[in-house]
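Student: Could we go through this model together? I'd like to know what earns each label.

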Amino acid sequence: MATSGAEFLERLSSRRRPHLPETLSGTIRLDLHDGGRTEHWYLTVHDQGVDVTRSPDDADLVVRADREVFDRLADGRTEVVQSLMRNEVTVQGEMRLLLALRRIFPGPADARHPRDVARESLGR
């Protein structure tokens with residue numbers, strides 16, 4: 001069953017995420033549009049962790065999209081930079097934090113590391 005963006009964010013814990021750069025810190029506000037209303041999710045990135053609250057406060061990066069787009073991000077059917085290139089999301093602020101979202105949201109279920117693919121093609 002697909003995970004909604006809101007469910008994913010509710011379960012997102014502040015546990016250490018070693019794939020985030022150690023020096024990365026900042027705030028990200030995700031604005032999920034659904035019909036005539038908007039949900040605000042506020043992510044604070046620090047010490048390789050992510051704290052999640054609900055707040056419309058100003059942030060270093062603001063990402064806006066329809067709920068359906070965030071749902072696709074949450075279950076790995078799309079990636080945030082791809083969505084940006086397709087004009088499905090709008091962003092305002094520090095772009096380095098947008099790249100951090102790539103490491104916070106899951107990737108596709110069938111994704112493989114390029115080195116593993118290369119090893120397989122070489123028969124190693």
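Tutor: Sure, let's start with R86, which sits in the loop between α3 and β5. Helices (H or I, at least four residues) and strands (E, at least two) are DSSP runs, numbered from the N terminus. This is a predicted model, where local features need pLDDT of at least 70 and side-chain atom pairs count only at pLDDT 80 or more, while totals for chains, interfaces and linings use all residues. Residues are numbered from 1 along each chain as its sequence is written, and side-chain values use heavy atoms, leaving out hydrogens and water.

Student: Why is R86 called partly exposed?

Tutor: Buried means under 20% relative accessible area, exposed means over 50%, and partly exposed is in between (1.4 Å probe, protein chains only). R86 has 44%, so it is partly exposed.

Student: Which residues does R86 touch, leaving aside its neighbours within four places in sequence?

Tutor: R72 and T78. Contact here means heavy atoms within 4.5 Å.

Student: What makes the link between the side chains of R86 and T78 a polar contact?

Tutor: The term needs a pair of N or O atoms within 3.5 Å; within protein, one must be able to donate a hydrogen and the other to accept it, and residues adjacent in sequence count only if both atoms are side-chain atoms. The R86 and T78 side chains are joined at 2.5 Å, so the distance fits.

Student: And why is the pairing of R86 with E88 called a salt bridge?

Tutor: A salt bridge is a side-chain nitrogen of Lys or Arg within 4 Å of a carboxyl oxygen of Asp or Glu. For R86 and E88 the closest N and O atoms are 3.4 Å apart, so the pair qualifies.

Student: How do you know that R72 and E88 form one too?

Tutor: Their closest N and O atoms are 2.6 Å apart, so they pass the same test. That pair links distant parts of the chain: R72 is in helix α2 and E88 in the loop between α3 and β5, 16 residues apart.

Student: Are R72 and E88 buried or exposed?

Tutor: R72 has 13% relative accessibility, so it counts as buried. E88, with 24%, is partly exposed.

Student: What about R77 and D75?

Tutor: They form a salt bridge as well, with the closest N and O atoms 2.8 Å apart. R77 has a relative accessible area of 54%, so it is exposed, whereas D75 at 22% counts as partly exposed.

Student: How many salt bridges does the structure hold?

Tutor: Twelve. There's also a network of them linking D34, R37, E39, R54 and R67.

Student: What makes β4 and β5 a pair?

Tutor: Two strands pair if DSSP finds at least two bridges between them. Strand β4 (residues 61-66) and β5 have five bridges, so they pair, in the antiparallel sense. V62 stands opposite Q92 in β5.

Student: Where do these strands belong in the sheet?

Tutor: The open sheet has five strands in the order β3-β2-β1-β4-β5, with mixed pairing. Why are β3 (49-53) and β5 (89-93) called edge strands? Each pairs on one side only.

Student: Which residues touch the most other members of the largest nonpolar core?

Tutor: I28, L30, L43, V63, F70, L101 and I104, out of 28 residues. Such a core is a set of buried Ala, Val, Leu, Ile, Met, Phe, Trp, Tyr and Cys residues joined through side-chain atoms within 4.5 Å. The largest share, five residues, comes from α4.
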